[in-house]
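I opened my notebook for a first walk through this structure. Here is what I looked up, entry by entry.

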Amino acid sequence: MPANSKDLLRKFCMESSFLGLKYFYLYPDLLSRCYWGISLISTFFAALVLSWLLYCRFLEMPTRITIENQYEPVENLPYPSIALCSPNQITLSALKHFNRTLVEGNRTIDFQIACPVLLGFYEFLGDFDQGVISHVEALIEANRYHAIDVMGMIAQKCEDFLILCLFEGKAYPHCNTLFSPVLTKVGMCCVFNNVYQFRHNKRNEKTKDFKLRRIPEKFAGIGRGLKVVADYNPDDAVDGTVVNAGATRVMIMESSEFPSEDESNLVRPYTESFHIIHPTYTYCSEDVKALPSYSRKCLFEHEMRVRHFGEYGSNDCSLLCHIDQIERHCHCLMHYVPFVRHDRACNISSIPCITAVKVQLTNWHEDDCDCPRDCESINYRSVMMLGNLNALEQLVENP
């Protein structure tokens, strides 16, 4: 006999996974049924409210997505900016020439022995001889130089460091017109396709009317990229001043970004390196663009100015946090800050303070610096492969 609707309802309530329904039959008294009825209705209402709040939060903060397109035509992508940093930051020949320009002050100090103290701007050094630091600074100032002038004069020049470049089917001896000097956090470097340059041996500046290089279709593909032959010339280095054990630092970044070691590799001497660069383009939908910055949790380059650097970039903002920490403790600006004036730039006497601040910054966390992500950017990730040039003579056939 088919069951009536009352029996079906009772069976549903007793066997349902909705636990509270069966208590209407297990506890038939009025008080229990009122309690479980109110509990069920309250739970259902709370679920509706929670769903509505989550939906409203989704509308206010849409998902920001990063898309890595593996099928984008290469000719649509800009060349990355590439910086090559010589480990020879104090050359013997340039130091001898600089010594000849010193005509004023107390010249009793051997500058060749004292000059490694200048590496304190880039590297962690041990104990400092305050007498040597004061003597070197007095000698430099007596000859109307600044520490920035000295670092630009004694570092290895790009035309000496870079022997040959092959680019877009053309050879460039000493990489003329392709690379420009730039003073960075890790020393003097040679940069390709970047808006920043070290000008007039004085300071970093932005290039006006900078033209971004793009990849021509006929020069796209493996084996057709930029090729560079470099030699840091260890015979022309002052003893004890070669950094990174003679390895050349290769940094890759956007053209509008100040060169930094966020994405970098060290290439050892007497090796050939092959770099596969993977660009990732990050962008936001039109709906996200219409949201206020506090809601989308990212910034477009025109929405905020980064002091010293101009339009917003998260990497430049992070670098500014380090600069501000040094300025706060040492009362001067780092030498690589764009458009820095000599009267505000750190001098040699500031090196012990700079080193102490750098030690503190080793415990630095990104949360300590308020730098929202970029809403639109191109990030470059590099995969490097190395070959040993010293092994060529061991080959049966020398290519």
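**Notebook: a first walk**

I started with the record: the unreviewed UniProt entry annotates residues 35-55 as a "transmembrane region". I kept in mind that the model I am reading is predicted. In the model, I found that this span is 100% helix and 0% strand, and its end C-alpha atoms are 30 Å apart.

**Entry: Arg-57**

I then looked up Arg-57 and found this residue in helix 3, which runs over residues 30-60. Is Arg-57 buried or exposed? Its relative accessibility is 52%, and since exposed means over 50%, I noted Arg-57 as exposed. I also checked a partner far along the chain: Ser-295 is 238 residues away in sequence, yet the two C-alpha atoms are separated by 10.0 Å.

**Entry: helix 7**

Next I turned to helix 7, residues 147-154, and asked how many of its residues are buried. The count is eight of the eight, so the helix is largely enclosed by the rest of the structure. I wrote down their names: Ala-147, Ile-148, Asp-149, Val-150, Met-151, Gly-152, Met-153 and Ile-154.

What covers these buried residues? I found that the cover includes two helices, helix 4 (92-100) and helix 6 (130-142). It also includes strand 5 (179-184), strand 6 (187-192) and strand 7 (196-199).

I took a closer look at helix 4. It packs with helix 7 at an angle of about 135°, and the axes are 8 Å apart. That angle makes helix 4 oblique to helix 7. On the helix 4 side I listed Ala-94, Leu-95 and Phe-98, which meet Val-150, Met-153 and Ile-154 of helix 7.

**Entry: Asn-143**

Just before moving on, I stopped at the loop between helix 6 and helix 7, where Asn-143 is found. Asn-143 has 8% relative accessibility and counts as buried, because the cut-off for buried is under 20%. Which residues does Asn-143 contact, leaving aside neighbours within four places in sequence? I noted Thr-101, Leu-102, Val-103 and Glu-104. With Val-103 there is a further detail: the side chain of Asn-143 reaches the backbone nitrogen of Val-103 at 2.7 Å.

**Entry: two positive phi values**

I looked for residues with a positive phi that are not glycine, and wrote up two. Ala-245 has a phi of about 55°. It sits in the loop between strand 9 (227-230) and strand 10 (248-253). With 74% relative accessibility, Ala-245 counts as exposed.

The other is Phe-339, with phi near 60°. I found Phe-339 in the loop between helix 11 (314-330) and helix 12 (351-361). Its relative accessibility is 39%, so I entered Phe-339 as partly exposed.

**Entry: helix 11 and helix 12**

That loop led me to the two helices on either side of Phe-339. How do helix 11 and helix 12 cross? Their axes come within 10 Å and cross at roughly 130°. The pair is therefore oblique, and I recorded the crossing as right-handed. From helix 11, I listed His-322, Gln-325, Ile-326, His-329 and Cys-330. They meet Cys-353, Ile-354, Val-357, Gln-360 and Leu-361 in helix 12.

Terms used:
Residues are numbered from 1 along each chain as its sequence is written. This is a predicted model: local features need pLDDT of at least 70, side-chain atom pairs count only at pLDDT 80 or more; totals for chains, interfaces and linings use all residues. Side-chain values use heavy atoms; hydrogens and water are left out. UniProt positions are given in the numbering used here, feature names are shortened, and annotations may be inferred rather than shown by experiment. Helices (H or I, at least four residues) and strands (E, at least two) are DSSP runs, numbered from the N terminus. Buried means under 20% relative accessible area, exposed over 50%, partly exposed in between (1.4 Å probe, protein chains only). Contact means heavy atoms within 4.5 Å. A polar contact is a pair of N or O atoms within 3.5 Å; within protein, one must be able to donate a hydrogen and the other to accept it, and residues adjacent in sequence count only if both atoms are side-chain atoms. Axes are lines fitted to C-alpha atoms, for helices over the stretch in contact, and angles run from 0 to 180 degrees between N-to-C directions. Angles under 35 degrees count as roughly parallel, over 145 as roughly antiparallel, 65 to 115 as roughly perpendicular and the rest as oblique. A crossing is left-handed if the near helix is turned anticlockwise from the far one by less than a right angle, and right-handed if clockwise.
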